[in-house]
Amino acid sequence: MTRRFYLENEHGQQFHFKYHSGVLLSNVLGLGFQLNMTYLKYGHIHKTVKRETPLSEISGLLNFMDGYQGYQRFIDYLNQGRDNLKLYYVSNDIKYVHVDVVSLSKAEIKAGLLSCEITLNKKSYWIKERQIIIDITEVLDGKVYPYPYAYTYQITQEGRTTIDVGGSFSANVIIEMEGSVDHPEINVIQNGILVSSLRLNLVEEDVKIRISSVADNKYLKMIKNDIETDIYAYQDFEKDNFIELKPGRNTLEFKSGVMEDTLCKVHIFEYHLG
């Protein structure tokens, strides 16, 4: 499969590097990873004591098929929002990395084609997003859920579902409960052992509850009658609450605490080195 790249800004606007847009990205370097390692020496043996991921760069060559018009289109795109850019890499699957454009060399004509070098600072791991729905009613036939992006409907048994989480590090999640709840719980079980859990001291009807464990955007909030409320104080402080999923097979157990239909949507952010 031919690999593709495109940028997306904070407004959801995309710029694709392909013939259709008139701008191609080639000679791409820095898609892999680099680790800074700290060691302690025991005789002739070195023991790894710390791993850190330094800020690194992705570089490439931009080729403008229609000359300076294409160059200006790219500049205009960057001017629409460059603070929260994502670089998407599409091959066998889709991953993205948070980037800053830190340099764009002067455009020059090389071999009859207007080109310039671009350098981006890579500010995160490569991220692969997944979404699942846990429906504890266990019957999905005939149900239609109007969600803006594709979710996988998980087969559940007694409120449990099993998923395989990829990546090199623990995945962050955004959890959304929709319906009625009475002290709702989510438990994460791996290899038969309870490894993480969430519980809210809350009794509500017809609400949306959202919990995010994303490192730079953690929150607990409730939306009812279009009013958003911070529910940080309603968490059971004996639980983890900001759940993360370790790589491997995980069983998620959702307990709404009520007999009514209540959905649990889980948006998973897997972190990959490359």
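No disulfides, defined as pairs of cysteine sulfur atoms within 2.5 Å, are found in a search of the whole structure. Two of the cysteines are nevertheless buried (under 20% relative accessible area, with exposed over 50% and partly exposed in between; 1.4 Å probe, protein chains only): cysteine 116 has a relative accessibility of 1%, and cysteine 264 has a relative accessible area of 0%. The model is predicted, so that local features require pLDDT of at least 70 and side-chain atom pairs count only at pLDDT 80 or more, whereas totals for chains, interfaces and linings use all residues. Residues are numbered from 1 along each chain as its sequence is written, and side-chain values use heavy atoms, with hydrogens and water left out.

The largest nonpolar core (a set of buried Ala, Val, Leu, Ile, Met, Phe, Trp, Tyr and Cys residues joined through side-chain atoms within 4.5 Å) contains 28 residues, of which Ile209 and Leu245 touch the most other members. Strands that each supply at least two residues of this core include S11 (126-135), S13 (160-165), S14 (171-182) and S22 (263-272); strands are DSSP runs (E, at least two residues) numbered from the N terminus. S14 gives the most to this core, with five residues. The contacts of leucine 245 (heavy atoms within 4.5 Å), not counting residues up to four places away in sequence, are Ile163, Val165, Ser170, Ala171, Val173, Val188, Asn250, Leu252 and Ile268. A second, separate core comprises 26 residues, among them Phe5, Phe17, Leu25 and Val28.

Nonpolar side chains also appear at the surface. Leu40, Tyr42, Ile45 and Val49 form a nonpolar patch with about 390 Å² of accessible area together. Patches are made of residues with over 30% relative accessible area and no salt bridge, like charges being joined within 9 Å and nonpolar side chains (Val, Leu, Ile, Met, Phe, Trp, Tyr) within 5 Å; accessible areas come from the Shrake-Rupley method with a 1.4 Å probe, and for residues only the protein chains shown count as cover. Strands S4 (36-42) and S5 (45-52) each supply at least two residues of the nonpolar patch, and tyrosine 42 is placed in S4.

In total, 14 salt bridges are found in the structure, each being a side-chain nitrogen of Lys or Arg within 4 Å of a carboxyl oxygen of Asp or Glu. Arginine 249 pairs with aspartate 164 in a salt bridge, the closest N and O atoms being 2.8 Å apart. Because arginine 249 lies in strand S21 and aspartate 164 in strand S13, this pair ties together parts that are 85 residues apart in sequence. Arginine 249 is exposed, at 54% relative accessible area, and aspartate 164 is partly exposed, at 40%. A salt bridge also joins the side chains of arginine 210 and glutamate 176 (3.1 Å, N to O); the former lies in strand S17 and the latter in strand S14, so parts 34 residues apart in sequence are tied together. Glutamate 176 is buried, at 10% relative accessibility, whereas arginine 210 is partly exposed, at 24%. Glu176, Glu178, Arg210 and Lys265 are linked in a network of salt bridges.

Two asparagines adopt a positive phi of about 55 degrees although neither is a glycine: asparagine 27 and asparagine 225. Asparagine 27 is found in strand S3 (residues 23-29), whereas asparagine 225 occupies the loop between S18 and strand S19 (227-230). Asparagine 27 is exposed, with a relative accessible area of 57%, and asparagine 225 is exposed at 64% relative accessibility.

Terms used. Helices (H or I, at least four residues) and strands (E, at least two) are DSSP runs, numbered from the N terminus.
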